[in-house]
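Let's take a walk through a protein model together, starting with the empty space inside and moving out to the strands and loops around it. Keep the picture in view as you read.

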Amino acid sequence: MPVTMHHFGALRDGTAVTAARLENSSGATATVIDYGATLQSLCVKDRGGRLVDVVLGYNDALQYESHGDYLGGTIGRVGNRIGGARFSLGGREYALAKNDGENHLHGGPMGFDRRMWSMCAEGDAVVCERLSPDGEEGYPGNLRVRVTYTLTEDNTLRIAYDADSDADTLFNPTNHSYFNLNGGGSAEGHWLQIFADRFCENDAATLPTGRLLPVEGTPFDFRAGKPVGADIGAQDEQLTRAGGYDHNFCLAGLRAAVLRGDKSGIEMTTYTDMPGIQLYTANFLSVRAGKGGSTMAPRGAVCLETQLYPNAMNCYGFPSPVLRAGRHMHSETVYAFACAE
């Protein structure tokens with residue numbers, strides 16, 4: 001079906017924000033706004049045939065601008081954390097904003113999720129584009145980024161990232177949607193499977209140390225699947241430091257994770273060509289009003305952020321986030337939906 005556009009309010013400075021709505025023949029919908037190239041809504045049918053909005057979000061643009069937590073936003077230039085808010089590249093050191101203690105988080109205080117993007121429909125897809133200028137948030141190079149959202153007939157949301165830079169820079173994009181496959185309430189009863197044998201050890205600031213730990217015999221073993229909350233309260237240093245799960249898992253292949261709503265029966269399988277996925281259990285999501293009269297709260301969602309490993313510039317052997325001048329970057333993440341019986 002054709003993409004439809006509608007007004008989605010305005011920012012504090014009066015900038016108008018537009019929403020683009022994708023719909024397939026089964027009635028599933030995805031809505032993207034040009035502020036932050038943000039996934040504002042994603043509706044799929046539950047086992048009873050009822051449409052359920054499975055991502056947290058807000059009703060208008062001003063709420064997105066006023067609140068943090070990156071709900072549904074496109075994250076960049078670098079998703080997750082960079083230790084010490086600095087990195088060296090090509091013999092030069094670059095200083096970044098310290099917006100997470102002493103570290104740099106999700107591209108800085110004015111990362112991609114806080115920027116206006118150009119947005120248009122291309123066939124059955126929504127395309128968001130922007131030029132991140134040289135020096136933006138401290139990063140080198142003029143970086144041109146394109147994010148394409150496609151909703152297929154088999155209830156799959158595809159997110160494609162494309163980027164080019166005129167100078168060597170860092171690039172590690174992700175989407176920061178908060179998923180609740182029941183449409184609301186606690187997400188601790190969601191069943192989760194992650195196809196990973198190892199995860200990144202974090203320090204007290206939730207910053208990867210460079211060590212990869214085995215999941216076997218720990219609360220981080222989701223290989224066979226279990227409820228999100230089954231071990232979240234375990235007396236494990238990695239969990240207590242983060243107030244729950246906020247860790248990168250090292251993936252074994254393209255199939256990254258399966259998440260299932262315990263009440264709705266909605267099942268979401270995540271595929272990615274990225275080597276890592278960050279499991280975040282909304283540990284610090286404050287109580288607040290969301291769209292449609294819903295209420296957000298800690299542990300009320302599960303984030304599955306596909307990515308390169310965090311803090312890679314400071315950890316030997318981690319996949320590199322360096323995008324070389326003149327080299328094209330392309331990556332895809334897929335969220336495929338079905339209903340469990």
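In this predicted model, the largest cavity holds about 70 Å³ of space. How many cavities of 30 Å³ or more does a search of the whole structure find? The answer is one. Rolling a probe the size of a water molecule over the atoms shows where empty space is left. To find the largest cavity on your screen, look for its lining, which includes V78, G79, R81 and I82, along with L170, N172 and the run Y309, P310, N311, A312 and M313. By type, the lining residues divide into eight nonpolar, three polar and one charged.

One of those lining residues, N311, deserves a second look. N311 sits in the loop between β27 (303-307) and β28 (322-323). Its phi is near 55°, a positive value in a residue other than glycine. Is N311 buried or exposed? With a relative accessible area of 6%, N311 falls under the 20% cut-off and so counts as buried.

Two further spots in the backbone are worth a visit. Most residues other than glycine have a negative phi, and most peptide bonds are trans. Y70, in the loop between α1 (61-66) and β6, has a positive phi near 65°. Then, in the loop between β6 (74-75) and β7 (81-82), you will meet R77. A cis peptide bond joins G76 to R77, with omega at about 10°.

Now turn to the strands. Nine of them form an open sheet with antiparallel pairing, in the order β11-β12-β13-β14-β29-β23-β22-β17-β20. Which strands lie at the edges? They are β11 (118-122) and β20 (226-227), each of which pairs on one side only.

Let's start from the β20 end and step inward. β20 pairs with strand β17 (residues 191-194) in the antiparallel sense over two bridges, and L192 has K226 of β20 as its bridge partner. β17 also pairs with strand β22 (residues 255-260), this time over four antiparallel bridges; here Q193 stands opposite V258. The next step takes us from β22 to strand β23 (residues 266-272), an antiparallel pair with five bridges, where R255 stands opposite Y271. β22 and β23 form a hairpin with five residues between the strands, and in this hairpin G265 takes a positive phi near 80°.

What about the nonpolar interior? The largest nonpolar core has 60 residues, and those with the most contacts inside it are I194 and F249. Strand β13 (residues 143-151) supplies the largest share of this core, five residues. Apart from this core lies another, of 18 residues, with F8, I33, A61 and Y280 among them. Back in the largest core, F249 is in contact with I194 itself, and its other contacts beyond four places in sequence include A196, F199, V215, F220, F222 and I277.

We finish at T38, which is found in strand β4 (residues 38-45). T38 has a relative accessible area of 2%, and is therefore buried. Leaving out residues up to four places away in sequence, T38 touches T31, V32, I33, Y64, L71, G72, G73 and Y149. Two of these names may be familiar: I33 belongs to the core of 18 residues, while Y149 falls within the residue range of strand β13.

Key:
Residues are numbered from 1 along each chain as its sequence is written. This is a predicted model: local features need pLDDT of at least 70, side-chain atom pairs count only at pLDDT 80 or more; totals for chains, interfaces and linings use all residues. Side-chain values use heavy atoms; hydrogens and water are left out. Buried means under 20% relative accessible area, exposed over 50%, partly exposed in between (1.4 Å probe, protein chains only). Contact means heavy atoms within 4.5 Å. On a 1 Å grid over the protein atoms alone, a cavity is a set of points where a 1.4 Å probe fits but cannot get out, and a pocket is an open set with protein on both sides within 12 Å along at least five of seven lines; lining residues have an atom within 4 Å of a point. Grid points are joined across faces, edges and corners, and a volume is the space filled by probe spheres set on the points. Ala, Val, Leu, Ile, Met, Phe, Trp, Tyr, Cys and Pro count as nonpolar, Asp, Glu, Lys and Arg as charged, and the others, Gly among them, as polar. Two strands pair if DSSP finds at least two bridges between them. A nonpolar core is a set of buried Ala, Val, Leu, Ile, Met, Phe, Trp, Tyr and Cys residues joined through side-chain atoms within 4.5 Å.
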